[in-house]
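Hi,

Here is the structure I said I would pass on. Have a look at it first, and my notes follow underneath.

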Amino acid sequence: MNEKTKEADFKYQVARYPGGEFVNRCFACGTCTLSCPVSEVEPEYSPRKIIHMILLGLKEEVLSSSLIWYCMTCYRCYVRCPQDVRFPELMRVLRKIAVEEGYTNPGLVEELKDSEKQAQDQRRSLIKNLFPDKREQNG
Ligand code: SF4
Ligand code: SF4
């Protein structure tokens, strides 16, 4: 298989994973990028651009980029996408392939898991303080 064929195969590889099957629906409207809180603070990060790169077959550039780890799965792009591309699920697929095919170092994955766990703990404690358990209040 030559390089060109391998590159063209990337979108099909992504589409074979659950969550990646709608990548071809994107018509590049940019609503996802405009809705994204990460893009707001990091202009380099653009869901629309990442999808475009997948469709162009730029596998190495996409999978080795740190940008695929920026999505915080808030689902704002998901609910606003007119084509139901389901970008956060697509990101999960990209990360999975990146790890499976050795595009990222395992240390980074562990660090990200730790940060996500810390963020979840903080969210839990914030919610607990905002909405104290009624059972505790009633004694
Ligand atoms: S909102 Fe949907 S259709 Fe529009 S660019 Fe993003 S993924 Fe593509
Ligand atoms: S799910 Fe990810 S890409 Fe979509 S708006 Fe939220 S942070 Fe941005």
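Let's start with ligand 2: the residues in its shell split into 11 nonpolar, 2 polar and 1 charged. Here Ala, Val, Leu, Ile, Met, Phe, Trp, Tyr, Cys and Pro count as nonpolar, Asp, Glu, Lys and Arg as charged, and the others, Gly among them, as polar. Before going on, note that this is a predicted model, where local features need pLDDT of at least 70 and side-chain atom pairs count only at pLDDT 80 or more, while totals for chains, interfaces and linings use all residues. Residues are numbered from 1 along each chain as its sequence is written, and chains are lettered from A and ligands numbered from 1 in the order in which they are written.

Back to ligand 2. It has 14 residues around it, and Cys36, Cys71, Cys74, Arg76 and Cys77 come nearest (a residue is near if its C-beta atom, placed from the backbone, lies within 6 Å of the molecule). Two or more residues of this shell come from each of helix 3 (37-41), helix 6 (76-80) and helix 7. Helices are DSSP runs of H or I with at least four residues, strands are runs of E with at least two, and both are numbered from the N terminus.

Ligand 1 is surrounded by 15 residues, the closest being Cys26, Cys29, Thr31, Cys32 and Cys81. Helix 2 (31-35) and helix 4 (47-56) are the elements that give two or more residues to that shell, and helix 4 has the largest share, 3 residues. The shell of ligand 1 is made up of 11 nonpolar, 3 polar and 1 charged.

Helix 4 is worth a second look. Its buried residues are Pro47, Arg48, Ile50, Ile51 and Ile54 (buried means that 20 or more other C-beta atoms, placed from the backbone, lie within 10 Å of the residue's own). They sit on the same side of helix 4, because they cover an arc of only 165° around the axis, taken from the directions from the helix axis to the C-beta atoms.

Then there is the core. The largest nonpolar core (buried Ala, Val, Leu, Ile, Met, Phe, Trp, Tyr and Cys residues joined through C-beta atoms within 7 Å) has 21 residues, and Val23, Ile54, Leu90 and Leu94 have the most contacts inside it. Helix 7 supplies the largest share of this core, 6 residues.

Overall, the protein has 9 helices and 0 strands, and 21% of its 139 residues count as buried.

Cheers

Key
A residue is buried if 20 or more other C-beta atoms lie within 10 Å of its own, exposed if 12 or fewer, and partly exposed in between; C-beta atoms are placed from the backbone.
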